[in-house]
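Reader: Hi! Could you walk me through the pockets in this protein?
Author: Happy to. Here it is.

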Amino acid sequence: MKNIIIIGASGHGSVILDCIEKEGKYNVVGFVDSFKQKGTTHNGYEILGNEFEIPYLTKKNNLYGGIIAIGDNWTRKNVCDRITVIAPDFRFITSIHPKAVIGKDTYIGKGTVIMPGAIVNSNTVIKDFCILNTNSSLGHDSIIEEFSSIAPGVSIGGGFYLGTFSAVSIGAIIIENIMIREHTIIGAGSLVTKDFPEYIVAHGTPAKIIRTRERGEYYLKGTSGRTSNIPIYTTPS
Ligand SMILES: CC(=O)SCCNC(=O)CCNC(=O)[C@H](O)C(C)(C)COP(=O)(O)OP(=O)(O)OC[C@H]1O[C@@H](n2cnc3c(N)ncnc32)[C@H](O)[C@@H]1OP(=O)(O)O
């Protein structure tokens, strides 16, 4: 089996580890994490170091590549950019849990993870570095742009479009043929019945625009303290 690392030793990293183990395609050598003590363990796997050590770790462990396990879309992009500078040839893998259902003529990009119970229906494109979380259902003929995410239990009709860096939060329901543009957050438990523009937060039943939001603004509780001091390579506008 090919050796890989998981970048990000968090709860999300644990779920991705489980997906990879159950998939049985890759051998996980350990985690890379800038905030955890090197040499400690996470779910029984060693913290091997931080992103700057990836070139060394690649040689040492004959790494095929790895996957970024960071739930916040903007932070995932920044870490991806950083790895691309530190280790330009680093290969990002895709992970699809064996209990996910993938329909006919779908495309799933690199760095994307499809979690247990998720359903991707026919003719759907999920681009690079996305998250389709546990028990979410994505309708046919949809397009999910890179670095976006769909949270657990979300139910989406056919012909959906999700812009880059946007997130559909836990338990939301979205009717058919809806377009949500980039950097927008649909709040937990919302019912989406119309299109939404870029850079807004919308929630409620039916969902309405609550406010605008900044590029990279945190939307997951508990992430700001952990990620605010990631120092370099912010994405150009
Ligand atoms: C494996 C996992 O754990 S995956 C989990 C991933 N997490 C998610 O999907 C949750 C993402 N977060 C959300 O959905 C949040 O509700 C957000 C980002 C949309 C809104 O967060 P914020 O803008 O910080 O709103 P905040 O929490 O300050 O609440 C402001 C007000 O709006 C209300 N509110 C917030 N979100 C919602 C919502 N989804 N629906 C209805 N009302 C809401 C709050 O109750 C509060 O009301 P109040 O002023 O009467 O007290």
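Reader: How many residues line the largest pocket, and which lie nearest its centre?
Author: The largest pocket has a lining of 32 residues, and Gly 71, Asp 72, Tyr 219, Leu 220 and Thr 223 lie nearest its centre. This is a predicted model, where local features need pLDDT of at least 70 and side-chain atom pairs count only at pLDDT 80 or more, while totals for chains, interfaces and linings use all residues. Residues are numbered from 1 along each chain as its sequence is written, and side-chain values use heavy atoms, with hydrogens and water left out.

Reader: What counts as a pocket or a lining residue?
Author: On a 1 Å grid over the protein atoms alone, a pocket is an open set of points with protein on both sides within 12 Å along at least five of seven lines, and a cavity is a set where a 1.4 Å probe fits but cannot get out; lining residues have an atom within 4 Å of a point.

Reader: Which elements help line the largest pocket?
Author: Those giving two or more residues to the lining are α1 (11-23), β15 (149-150), β18 (167-168), β23 (200-203) and α4 (224-227). Helices (H or I, at least four residues) and strands (E, at least two) are DSSP runs, numbered from the N terminus.

Reader: And where does the largest pocket lie?
Author: The largest pocket lies between domain 1 (2-86) and domain 2 (97-212), because both give residues to its lining. The domain bounds come from an automatic or database domain assignment.

Reader: How much space is in there?
Author: The largest pocket holds about 650 Å³. A volume here is the space filled by probe spheres set on the grid points, which are joined across faces, edges and corners.

Reader: What about the second largest pocket?
Author: The space in the second largest pocket is about 200 Å³. Its lining includes Pro 55, Tyr 64 and Arg 91, and α2 (54-61) and β5 (63-68) are the elements that give two or more residues to that lining.

Reader: Switching topic: how many cavities are there?
Author: There are two cavities of 30 Å³ or more. The second largest cavity has a volume of about 40 Å³, and among the residues lining it are Trp 74, Phe 165 and Tyr 219.

Reader: Now the ligand! Which residues surround it?
Author: Around the ligand, with a heavy atom within 4 Å of it, are residues including Ala 188, His 203, Tyr 219 and Leu 220.

Reader: Which polar contacts does the ligand have?
Author: Polar contacts are pairs of N or O atoms within 3.5 Å. A polar backbone atom of Ala 188 is 2.8 Å from an oxygen atom of the ligand. A nitrogen atom of the ligand lies 3.5 Å from a polar side-chain atom of His 203, and a backbone N or O atom of Tyr 219 is 3.3 Å from a nitrogen atom of the ligand.

Reader: One last thing: what is special about the backbone at Phe 165 and Pro 206?
Author: Phe 165 has a positive phi of about 70° although it is not a glycine, and Phe 165 sits in the loop between β17 (161-162) and β18. The peptide bond from Thr 205 to Pro 206 is cis, with omega near -5°, and Pro 206 is in the loop between β23 and β24 (208-212). Most residues other than glycine have a negative phi, and most peptide bonds are trans.

Conventions:
Polar contact = N/O pair within 3.5 Å; in protein donor to acceptor, adjacent residues only side chain to side chain.
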